[in-house]
Amino acid sequence: GEWVELQSTRTDCILDVSNLVISSPRGTGVDTVTISDGLTLNPGDSFLVADSSDTTTNNSLTTPLYSWQSYDVLKNDGDEIDVTLGGTTIDTLTYPSFGNLETGNSVSFPSDCQWTDRSDWTRWSYSFDTYFGTLAGTPNAPNDDVTCF
């Protein structure tokens, strides 16, 4: 059920994310997924990349959803996520070790934070809303269950 959520920060246009590549290095390899179906995002819209696209396996994550088709890609002991298009890096996020992250919890960047503060991990917070039973998070929805501090 692990996922990463990517959001359009554009406020003035629809964004075509066709051929966008989302990757995460893993040892000597890299897990990647390419958006190949012509996905467009309205301002503020998002999409998910998860271990699996199977709703039983991913705990009913919402669409749009793309899959690494690999298990345990996002490491809780720190990792990197790269977003590229045609060899150009659009964004990179390196996150720290989450030694106290319990199963069923999610880490969210609050909707009311400045996007430029995204790499400041003291701004991130554990989610409070639930999306499937007792699983915490707001997949493909605003992270308004947490507040910027």
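In this predicted model, strand β8, which covers residues 77-85, is joined to β9 by eight bridges, and the two strands run antiparallel. Along that pairing, Asp79 has Tyr95 as its bridge partner in β9, while Leu85 is matched with Thr88 in β9. The two strands form a hairpin with two residues between them, and Gly86 in the turn has a positive phi of about 55°.

The hairpin belongs to a wider arrangement, for β8 and β9 take their places in an open sheet of four strands with the order β4-β3-β8-β9 and antiparallel pairing. At the edges of this sheet stand β4, residues 29-34, and β9, residues 88-97, each of which pairs on one side only. From one strand to the next, the twist averages 20°. Strands of a sheet pair through backbone hydrogen bonds, in either the parallel or the antiparallel sense.

Both senses of pairing can be followed around strand β6, which spans residues 46-50. Five bridges join β1 to β6 in an antiparallel manner, and within that pairing Trp3 stands opposite Ala50 of β6. With β7, by contrast, β6 pairs in the parallel sense over three bridges, and here Val49 stands opposite Tyr66 in β7.

Strand β6 is also mostly covered, since five of its five residues are buried, a class that requires under 20% relative accessible area. In a regular strand the side chains alternate between the two faces of the sheet. In β6, Ser46, Leu48 and Ala50 lie on one side and Phe47 and Val49 on the other, and all of them are buried, which leaves both faces covered.

The residues of β6 lead directly to the nonpolar interior. The largest nonpolar core has 19 residues, of which Ile22, Ile35, Phe47, Val49 and Trp68 touch the most other members. Strands β1, β6 and β8 each supply at least two residues of this core. Apart from it lies another core, of five residues, including Trp3, Leu48, Ala50 and Leu65. Trp68, in turn, has contacts that reach well along the chain: beyond its neighbours within four places in sequence, the residues in contact with Trp68 include Val4, Ile22, Asp31, Val33, Val49, Asp51 and Leu74.

Two residues of the loop between β6 and β7 deserve a closer look, and the loop holds both Asp51 and Pro64. Is Asp51 buried or exposed? Asp51 counts as buried because its relative accessibility is 11%, and the cut-off for burial is under 20%. The side chain of Asp51 reaches the backbone nitrogen of Val73 at 3.4 Å, and when residues up to four places away in sequence are not counted, Asp51 touches Glu2, Ser67, Trp68, Gln69, Ser70, Tyr71, Asp72 and Val73. Pro64, for its part, counts as partly exposed because its relative accessibility is 25%. Among the residues that Pro64 touches, leaving out those up to four places away in sequence, are Leu39, Phe47, Leu48 and Asn140. The C-alpha atoms of Pro64 and Leu41 are separated by 10.0 Å, although these residues are 23 residues apart along the chain.

Another part of the structure is marked by its aromatic residues. A search of the whole structure finds six aromatic pairs. In one of them, the rings of Phe109 and Trp115 have their centres 5.8 Å apart and their planes at 85°, so this pair is edge-to-face. Phe109 is buried, with a relative accessible area of 7%, whereas Trp115, with a relative accessible area of 38%, is partly exposed. Phe109 also pairs with Trp124: the ring centres lie 5.4 Å apart and the planes meet at 50°, so that pair is tilted. Phe109 and Trp124 both sit in the loop between β10 and β11, 15 residues apart, and both are buried. Tyr95, Phe109, Trp115, Trp121 and Trp124 form one aromatic cluster, and Tyr95 is the residue already met as the β9 bridge partner of Asp79.

The path ends at Ser125, which lies in strand β11, residues 125-126. Ser125 is buried, with a relative accessible area of 14%. Leaving aside its neighbours within four places in sequence, Ser125 is in contact with Ser106, Val107, Ser108, Val146 and Phe149.

How values were computed: Residues numbered from 1 in each chain as written. Predicted model: local features only at pLDDT ≥ 70, side-chain atom pairs only at ≥ 80, totals over all residues. Heavy atoms only, no water. Pairing = 2+ DSSP bridges. Axes fitted to C-alpha atoms, helices over the stretch in contact; angles between N-to-C directions. Buried < 20%, exposed > 50% of the residue type's maximum accessible area, 1.4 Å probe, protein only. Contact = heavy atoms within 4.5 Å. Phe/Tyr/Trp six-rings, centres within 6.5 Å; stacked < 30°, edge-to-face > 60°. Polar contact = N/O pair within 3.5 Å; in protein donor to acceptor, adjacent residues only side chain to side chain. Core = buried A, V, L, I, M, F, W, Y, C linked by side-chain atoms within 4.5 Å.
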